[in-house]
Amino acid sequence: MSGSVVKAAQPSRGERSRAGSLTFVLCSVPSDSHMWNLVALQLLIEEMGHRVVNLGACTSVPLVIETSRAERPHCVVVSTVNGLGCIDGAGLITALRAEPDLATLPVVIGGKLGLRGTSDTDPTSELRQLGYDGVFPVAESAEKALAGFRAFVAATLERAR
Ligand code: B12
């Protein structure tokens, strides 16, 4: 889903959030070809009343950086389930935080982040230290991860108002 990014005049973040809607860039990591996780999350976020720019599976890091600049989203949501989230997800947040204009952009990650499903060491604290604002592993419970994400979205909306 790559392509040229159109730099048209856009409403400011404040103008968009006053309209009741946040913008989310939804992506995966370069190694991950799973796509139904992205479809499900797009529907979930849209059902909450927000706009989603879904970059699809096997998302390249440069595309996430380019789209974050073009869309100026309220949050980037990284979804990954192939087990390499702790490695590829670490690379993505390190690259984003190295860009001065994206250093404070809210970015969260969730899904099946480790290689062995429920038996992995929880990578949450490591990913948070690298710069993620929220980490939502489904290893313990998908419901808990989604509830945590919903609470994060609600708090983001509150901050944007
Ligand atoms: C379909 C499938 C595939 C298809 C994908 C087709 C496609 N284009 O989508 C194919 C066959 C290509 C595939 C390949 C592989 N797969 Co696969 N695959 C699956 C399977 C059976 C279903 C995934 C699915 O569509 N689920 C439906 C969606 C809606 O659910 P979900 O993905 O879990 O997403 C939800 C939650 O995880 C959560 N969530 C996800 N992201 C985020 C983010 C946030 C912020 C939040 C809050 C929540 C959240 O919310 C989502 C919506 O409810 C799962 C097993 C399973 N039952 O989950 C394995 C599975 C994901 N695959 C697995 C593996 C290992 C692989 C391969 C490495 C296998 C191999 N050796 O080649 C490759 C990797 C390919 C790659 N490069 O990524 C493992 C991952 C292990 C782990 N992480 O613990 C699983 C879990 C199977 C297993 N039990 O071992 N796979």
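**A predicted α/β chain and its ligand shell**

The protein averages a pLDDT of 88 in this predicted model, and 84% of the residues score at least 70. The weak spot is easy to place: over residues 1–8 the pLDDT stays under 50. For that stretch the model has 7 contacts beyond four places in sequence. Where pLDDT is low, the predicted coordinates should not be read in detail.

Now for the overall layout. The protein holds 6 helices and 5 strands, and reading along the sequence gives the pattern α-β-α-β-α-β-α-β-α-β-α. Of its 161 residues, 35% count as buried. Take the contacts between residues at least 6 apart in sequence, and 75% of them turn out to join residues at least 24 apart.

Next comes the ligand, which has 26 residues around it. W36, S79, G83, G110 and G111 are the closest of these. Two or more residues of the shell come from each of helix 2 (36–47), strand 3 (75–80), strand 4 (107–111) and helix 6 (142–160). Sorted by class, the shell has 13 nonpolar, 10 polar and 3 charged residues.

Helix 2 is worth a look of its own. With 12 residues, helix 2 reaches 16 Å from its first C-alpha to its last, close to the 16 Å expected at 1.5 Å a residue. Its buried residues are N37, L38, L41 and I45. They sit on the same side of helix 2, because they cover an arc of only 95 degrees around the axis. An α-helix has 3.6 residues a turn, so residues three or four places apart point the same way. Strand 1 (23–27), strand 2 (51–54), strand 3 and strand 4 are what the buried residues of helix 2 pack against. The face turned away from that buried side carries the exposed residues W36, V39, A40, L43 and E47. W36 thus shows up twice, as an exposed residue of helix 2 and among the residues closest to the ligand. Just after the helix, G49 takes a positive phi of about 100 degrees.

Helix 3 (61–71) can be read in a similar way. V64, T67 and S68 are buried in helix 3. Seen down the axis, these buried residues fall within an arc of 105 degrees, so they line one face of the helix. Their cover includes strand 1, strand 2, strand 3 and helix 4 (85–97).

The loops on either side of helix 3 each hold a residue with an unusual backbone angle. Most residues other than glycine have a negative phi, and most peptide bonds are trans. C58, in the loop between strand 2 and helix 3, is not a glycine, yet its phi is positive, near 50 degrees. R72 lies in the loop between helix 3 and strand 3, just after helix 3. R72 is not a glycine either, but has a positive phi of about 45 degrees. As for their surroundings, C58 is partly exposed, with 16 other C-beta atoms within 10 Å. R72 is also partly exposed, and 16 other C-beta atoms lie within 10 Å in its case.

One more loop residue, L22, belongs to the stretch between helix 1 (13–18) and strand 1. L22 has 23 other C-beta atoms within 10 Å, so it counts as buried, the cut-off being 20 or more. The C-alpha atom of L22 is separated by 9.8 Å from that of E46, although the two residues are 24 apart along the chain.

Note on methods:
Residues are numbered from 1 along each chain as its sequence is written. This is a predicted model: local features need pLDDT of at least 70, side-chain atom pairs count only at pLDDT 80 or more; totals for chains, interfaces and linings use all residues. pLDDT is the predictor's confidence in each residue, from 0 to 100. Two residues are in contact if their C-beta atoms, placed from the backbone, lie within 7 Å. A residue is near a molecule or strand if its C-beta atom, placed from the backbone, lies within 6 Å of it. Helices (H or I, at least four residues) and strands (E, at least two) are DSSP runs, numbered from the N terminus. Ala, Val, Leu, Ile, Met, Phe, Trp, Tyr, Cys and Pro count as nonpolar, Asp, Glu, Lys and Arg as charged, and the others, Gly among them, as polar. The expected span of a helix is 1.5 Å times one less than its number of residues. A residue is buried if 20 or more other C-beta atoms lie within 10 Å of its own, exposed if 12 or fewer, and partly exposed in between; C-beta atoms are placed from the backbone. The arc is that of the directions from the helix axis to the C-beta atoms.
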